[in-house]
Amino acid sequence: MKQNLSPLILAMAVALLPQVIMLPVWVSLWCACFWGYAVAAERNSWPWPGRYVSYGLALLGLFFLLLYFRKILDGKAFVSLLAVMAALKPFEVKGHRDRMITVFLAYFIVIASLFQFENLSIIIYLFFSVLITTAVLIHINHPGGTPKQNVSLASKILLQSLPLMIVLFLLFPRIQGSFWGLTRSPLGISGFSERLQMGDVATLIKSNETAFRVYFTSETPNENHLYFRGVVFQHFNGTGWKSIPSQALLRQMPQGKKIVDYEIILPAHGRKWMFALDLPLLTPNDDLMLMRDHTLRLRRNLRRKKHFRLKSYLSYNTGDLSHKEKMRNLALPDNRNPKTQALSRFLKDKYDTPEGIVAGALSYIGENGFAYTLKPPLLTGDPVDAFLFESRKGFCEHFASSFAVLVRGAGVPARVVGGYLGGALNPYGNYLVVSQSNAHAWAEVWIENRGWVRVDPTSAVAPERISQGVAGSVSADELPAFLGYGQKGVRHYIKQVGLLWDALNARWDVWFMGYSFAEQRALLERLGLRVKGWFHQARTLLVLLFVIILPIAAFPLIRTHVSRIKKDPVTHAYNRFCARMEKAGCKRRPSMGPMDYQKMLKRRFAERQEEIDEIITLYIRLQYAGEYDSSLIRRLQRRVRRFKAT
Amino acid sequence: MLADPFENIVEQVGKVVLGKKEQIRLALACLFARGHLLIEDIPGIGKTTLAKALSISLGLEFQRIQCTSDMLPGDILGVSVFEQKSGSFTFHKGPVFTQVLLADEINRATPKTQSALLEAMEEHQVTVEGQTRPLHDPFFVIATQNPLEHSGTYPLPESQLDRFLMRIELGYPGREAERRLLKGESTKKTLSEMNTNLTRDDVKSMQENIGTVFVSDSLLEYLQDLLEFTRTAPHFHVGLSPRAGLGVLQTAKSWAFLHGRDHVLPEDIQAVFYWVVSHRVSSSEDLRGFPKEMFDTLFQEVAVP
């Protein structure tokens with residue numbers, strides 16, 4: 001028997017489509033294969049798998065899933081399970097009920113997508129998917145309509161539900177945290193690691209992916225202040241740098257001025273890194289900690305795109321350094337990089353102040369034929385020696401780490417900071433897009449009375465790297481293709497469209513993704529409702545939600561009820577009477593006319609015969625005998641009311 | 001007050017056809033609604049007796065034809081005969097020129113003869129040899145027929161069946177009624193003893209009064225719901241026609257009037273519905289007819305407003 005499967009499969013396929021990029025290839029093929037067969041088999045009356053074959057296939061799918069995912073039960077595994085089972089669903093559709101379940105399965109797949117994706121284009125697609133699924137839902141309940149009619153009715157329904165959606169969005173308590181553990185596993189993380197080997201950052205620079213976006217609430221700082229601190233490396237082992245687990249900064253808060261207010265929208269990267277403009281202040285935020293190395297850290301791994309309100313000092317003094325920390329930032333392995341150590345001793349002898357040593361080190365790098373390149377030669381042996389005295393070609397990381405080693409050897413506490421520098425200002429949204437190609441490393445030295453001071457040795461070689469980004473400081477043939485710009489014409493417009501789209505995405509992130517429990521609290525406060533604690537807030541939100549939604553939901557009901565009374569008061573009064581008698585245990589069967597009912601009632605309620613007779617007679621006179629007049633109606637209504645009272 | 005003459009007739013006819021008061025009431029409602037009546041059952045159950053008793057009690061002129069397979073239309077309508085005395089053709093009226101025509105065993109007549117009745121029943125006129133002649137007023141056809149399975153029958157086509165407002169079945173008499181029958185309360189004797197307590201004018205005025213019985217909108221709604229249900233529900237092979245709807249309404253009015261009311265109630269519709277429509281619908285499982293129980297589900301499904 002034809003089950004009209006094609007629309008159902010269409011709804012599921014449309015819902016699952018965005019997942020295809022995430023799902024294992026075999027799962028997508030599995031779906032395509034079974035859905036294709038189901039559609040073709042229904043059209044050509046091919047054999048249909050029996051119940052046991054379906055069970056077998058389901059078990060086989062489960063087995064493959066176990067084999068593929070083993071113990072990793074993340075969102076991807078759940079969606080894969082959903083897809084594998086959805087692929088087999090058409091084979092067990094037997095009737096209307098199964099069709100309804102299949103449609104709800106399609107809705108469920110859409111919901112699953114919401115846990116996986118959060119960018120604007122996918123959300124727009126999911127609206128489309130909901131539209132298609134709703135049209136299919138209409139189709140299976142009213143098969144008469146054309147696809148066009150179904151889609152237009154579905155869009156009407158969706159539009160009508162829009163106010164409800166907005167209210168739910170604003171007021172449904174947004175308790176953060178992973179829902180059923182179904183949050184996504186971050187895709188292709190790039191960023192820093194806890195280690196820094198010379199050569200790491202170059203791989204970052206080649207990627208044009210957006211690292212994060214920054215909105216400045218106050219004035220946008222000058223571009224040579226756009227250093228976003230991410231990670232601090234303090235331990236040098238001779239070849240590379242390592243970040244030491246730091247503790248929260250509890251005392252000796254940095255002093256500073258020129259406070260900048262800004263928001264950072266950070267996509268999920270699955271780690272605890274946080275980026276902030278040098279030098280971040282501690283802002284009251286449950287998710288963030290300010291560490292002793294003046295980086296911000298997240299308390300939990302970042303699994304969803306999030307936005308943070310931050311404040312930073314552009315000019316600051318971090319204060320005194322403990323002996324222990326001073327020693328840690330002076331430590332060098334004894335027998336590595338001998339030439340560099342010799343140069344350090346020379347600098348120490350030549351200059352007596354730390355400032356002098358730093359300036360001397362910078363001028364050494366600035367004057368000895370060093371060149372900035374994204375493709376440095378491989379460094380063998382002691383990498384710092386090899387870089388400072390042989391190759392003399394490298395990028396920020398080489399300069400920063402060699403500089404730090406050099407001044408450490410001369411007795412000035414120094415460390416390497418990894419992060420991002422600069423970014424592209426999007427004119428449509430007035431925000432800064434910091435992409436992975438903005439990754440940068442620089443050095444910090446500690447100077448008495450000034451605290452940690454940022455020194456960017458790259459600027460001694462390639463000052464344009466700071467003012468113009470990577471593209472400005474390397475020759476054109478070294479650039480990855482996508483960075484080539486400046487051409488007018490089509491490419492110019494593509495770039496403009498790209499900027500506009502990015503700006504829309506950014507707005508989306510701020511307004512929708514960034515709408516959190518804290519924003520809800522702000523909303524409540526704006527409404528004059530002060531809440532204490534999350535439970536109180538959640539309760540207040542829910543109460544407010546119901547207060548708003550109940551009238552919306554009740555309105556059509558009340559309206560039809562009132563109009564029914566007005567339109568047909570006689571039937572209404574009679575129905576009330578019948579309802580009352582039904583409560584008394586004497587239900588009117590739908591086939592019963594008034595006289596049959598009268599007989600039945602008189603048998604049951606012999607003592608109230610007269611009242612019953614009067615009501616039924618009035619009803620018959622009004623409803624069937626054509627004696628329609630308002631005094632009779634009032635009499636009937638009165639009798640029915642009084643019947644209850646006694 | 002109105003119920004009295006009616007109950008009187010029921011009483012009278014009930015003396016002849018024992019234990020069948022319900023069928024007698026239905027038959028009377030049909031006749032007062034100006035409809036033709038088809039009585040269907042096995043032979044020997046009292047069909048012809050009922051038909052005779054009805055016509056006698058209404059005090060109308062009565063003719064009877066016994067349908068056979070060699071009967072010709074002329075035998076019903078009449079023929080023109082050449083009269084030597086006047087030298088011209090004179091029309092000799094057939095049995096159809098009467099007030100009550102009893103067509104016994106109508107399904108033994110050939111389709112040709114059956115259809116000769118068609119015009120008479122529908123138009124209340126006959127056309128013979130190019131000349132149209134009106135029939136008497138009132139004019140009723142009471143036909144009886146054997147169940148279709150019996151041999152030597154020509155089943156009435158749907159169009160012919162549709163001309164009958166109502167089709168009733170008599171069924172076996174009850175135990176007590178049969179006892180009285182067996183004791184020999186002779187039908188022949190009682191029939192001749194029956195007194196006609198109505199005249200033609202009484203019948204005419206009753207028919208006119210029935211036309212004034214009030215029908216409310218909500219009742220029409222109920223009737224339309226019922227008709228709609230037969231057209232959309234899967235158990236019906238073919239739904240009811242508007243003519244069937246008119247028939248139900250007309251009979252229900254008559255039923256209400258005979259029960260002393262000047263307005264129609266849903267109960268009236270329910271009482272006559274099956275008998276008016278059962279020969280016009282067929283079930284999708286059994287094309288020959290429609291079991292009465294299925295109409296109970298119809299009334300359960302379609303709520304009284």
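Student: Why is Glu105(B) called partly exposed?

Tutor: This is a predicted model, and its relative accessible area for Glu105(B) is 21%. Buried needs under 20%, and exposed needs over 50%. At 21%, Glu105(B) falls in between, so partly exposed is the right term.

Student: What makes the contact of Glu105(B) and Arg108(B) a salt bridge?

Tutor: The distance from N to O is 2.9 Å. The rule asks for a Lys or Arg nitrogen within 4 Å of an Asp or Glu carboxyl oxygen. The pair of Glu105(B) and Arg108(B) is therefore a salt bridge.

Student: And Arg108(B): buried, partly exposed or exposed?

Tutor: Partly exposed, with 25% relative accessibility. Buried would need a value under 20%.

Student: Which residues do salt bridges with shared partners join into one network?

Tutor: Arg229(A), Asp278(A), Arg415(A), Glu444(A) and Arg454(A). Over all chains, the count comes to 30 salt bridges.

Student: What makes Arg309(A) and Glu263(A) a salt bridge?

Tutor: Their closest N and O atoms are 3.1 Å apart. The limit is 4 Å, so the pair of Arg309(A) and Glu263(A) passes. The two residues are 46 apart along the chain and link distant parts of it: Arg309(A) sits in strand β10 (306–317) of chain A, Glu263(A) in strand β6 (255–266) of chain A.

Student: How do you know whether Glu263(A) is buried or exposed?

Tutor: Its relative accessibility is 11%. The cut-off for buried is under 20%, so Glu263(A) counts as buried.

Student: How do you know that Glu7(B) forms a salt bridge with Arg25(B)?

Tutor: The closest N and O atoms of Glu7(B) and Arg25(B) are 3.4 Å apart, and the limit is 4 Å. Glu7(B) belongs to helix α1 of chain B and Arg25(B) to helix α2 (21–32) of chain B, so the pair ties together parts 18 residues apart in sequence.

Student: Which term fits Glu7(B), buried or partly exposed?

Tutor: Glu7(B) is partly exposed, with a relative accessible area of 31%. Its partner Arg25(B) has 18% relative accessibility and counts as buried. The 20% cut-off lies between these two values, so the two terms differ.

Student: Why is Gly14(B) called buried?

Tutor: Its relative accessible area is 11%. That is under 20%, so Gly14(B) is buried. Gly14(B) is placed in helix α1 (3–16) of chain B.

Student: What makes Asp225(B) eligible for a patch of negative charge?

Tutor: Asp counts as negative. Patch members also need over 30% relative accessible area and no salt bridge. Asp225(B) has 36%, so the area condition is met. Asp217(B), Glu221(B) and Glu228(B) gather with Asp225(B) in this surface patch. Asp225(B) lies in helix α10 (217–232) of chain B.

Student: What makes the patch with Arg642(A) positive?

Tutor: Its residues are Arg576(A), Arg634(A), Arg638(A), Arg641(A) and Arg642(A). Arg counts as positive, so the patch does too. Helix α23 (630–645) of chain A gives the most, with 4 residues. Arg642(A) is in that helix. Its relative accessible area is 46%, so Arg642(A) is partly exposed and clears the 30% limit for patches.

Student: What makes the patch with Ile548(A) nonpolar?

Tutor: Its members include Leu164(A), Phe172(A), Val543(A) and Ile548(A). Leu, Phe, Val and Ile are on the list of nonpolar side chains. The patch covers about 870 Å². Helix α19(A) supplies the largest share, 7 residues. Ile548(A) lies in helix α19 of chain A. With 34%, Ile548(A) is partly exposed and over the 30% limit, so the area condition holds.

Student: What makes the phi of His124(B) worth noting?

Tutor: Phi is positive, about 55 degrees, and His124(B) is not a glycine. Most residues other than glycine have a negative phi. His124(B) sits in the loop between α5 (111–123) and β6 (125–128) of chain B. Glu129(B) also has a positive phi, near 50 degrees.

Student: Why is Glu129(B) called exposed?

Tutor: Its relative accessible area is 58%. Exposed means over 50%, so Glu129(B) qualifies. Glu129(B) lies in the loop between β6 and β7 of chain B.

Note on methods: Residues are numbered from 1 along each chain as its sequence is written. Chains are lettered from A and ligands numbered from 1 in the order in which they are written. This is a predicted model: local features need pLDDT of at least 70, side-chain atom pairs count only at pLDDT 80 or more; totals for chains, interfaces and linings use all residues. Side-chain values use heavy atoms; hydrogens and water are left out. Patches are made of residues with over 30% relative accessible area and no salt bridge: like charges are joined within 9 Å, nonpolar side chains (Val, Leu, Ile, Met, Phe, Trp, Tyr) within 5 Å. Accessible areas come from the Shrake-Rupley method with a 1.4 Å probe; for residues, only the protein chains shown count as cover. A salt bridge is a side-chain nitrogen of Lys or Arg within 4 Å of a carboxyl oxygen of Asp or Glu. The place of a charge is taken as NZ of Lys, CZ of Arg, CG of Asp or CD of Glu. Buried means under 20% relative accessible area, exposed over 50%, partly exposed in between (1.4 Å probe, protein chains only).
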